[in-house]
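Got your viewer open? Let's take a short walk through this one, selecting a few pieces as we go.

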Amino acid sequence: MAGVSKNARTTSGTQKFFCPCGGEVKMRSIFSSGKMKHHAECEKCKRQERKPKDFR
Ligand SMILES: [Zn+2]
């Protein structure tokens with residue numbers, strides 16, 4: 001196949017975030033009260049934030 005689109009890359013879901021402590025921040029999904037909730041958690045210090053960006 002020729003002419004592969006350069007815009008076809010998916011950038012969602014592959015980003016990595018790191019906590020100031022050096023641990024990797026992982027997204028977690030919890031199902032509570034009939035709703036899916038997402039939060040970010042550091043693997044190392046177990047710090048939790050609503051969004052991975054909040055670790056900066
Ligand atoms: Zn941490």
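Which residue takes a positive phi in the hairpin of strand 1 and strand 2? Select Gly 22: its phi is positive, near 105°. Five residues sit between the two strands of that hairpin. Keep in mind as you look around that this is a predicted model.

Next, highlight the strands on either side of that turn. Strand 1 covers 17–18, and strand 2 runs over residues 24–32. The two pair in the antiparallel sense, with two bridges between them. Click on Phe 18 and look across to strand 2, where Glu 24 stands opposite.

Now follow strand 2 along to its other partner, strand 3, at residues 35–42. This pairing is antiparallel too, over eight bridges. To see one pair of partners, pick Met 27 and then Ala 40 in strand 3. Strands 2 and 3 form a hairpin as well, with two residues between them. Select Ser 33 in that turn: its phi is positive, about 55°.

Last stop: zoom out to the sheet. Four strands make it up, in the order 1-2-3-4, with antiparallel pairing, and the sheet is open. At the edges you'll find strand 1 and strand 4 (48–49), each pairing on one side only.

Note on methods. Residues numbered from 1 in each chain as written. Predicted model: local features only at pLDDT ≥ 70, side-chain atom pairs only at ≥ 80, totals over all residues. Pairing = 2+ DSSP bridges.
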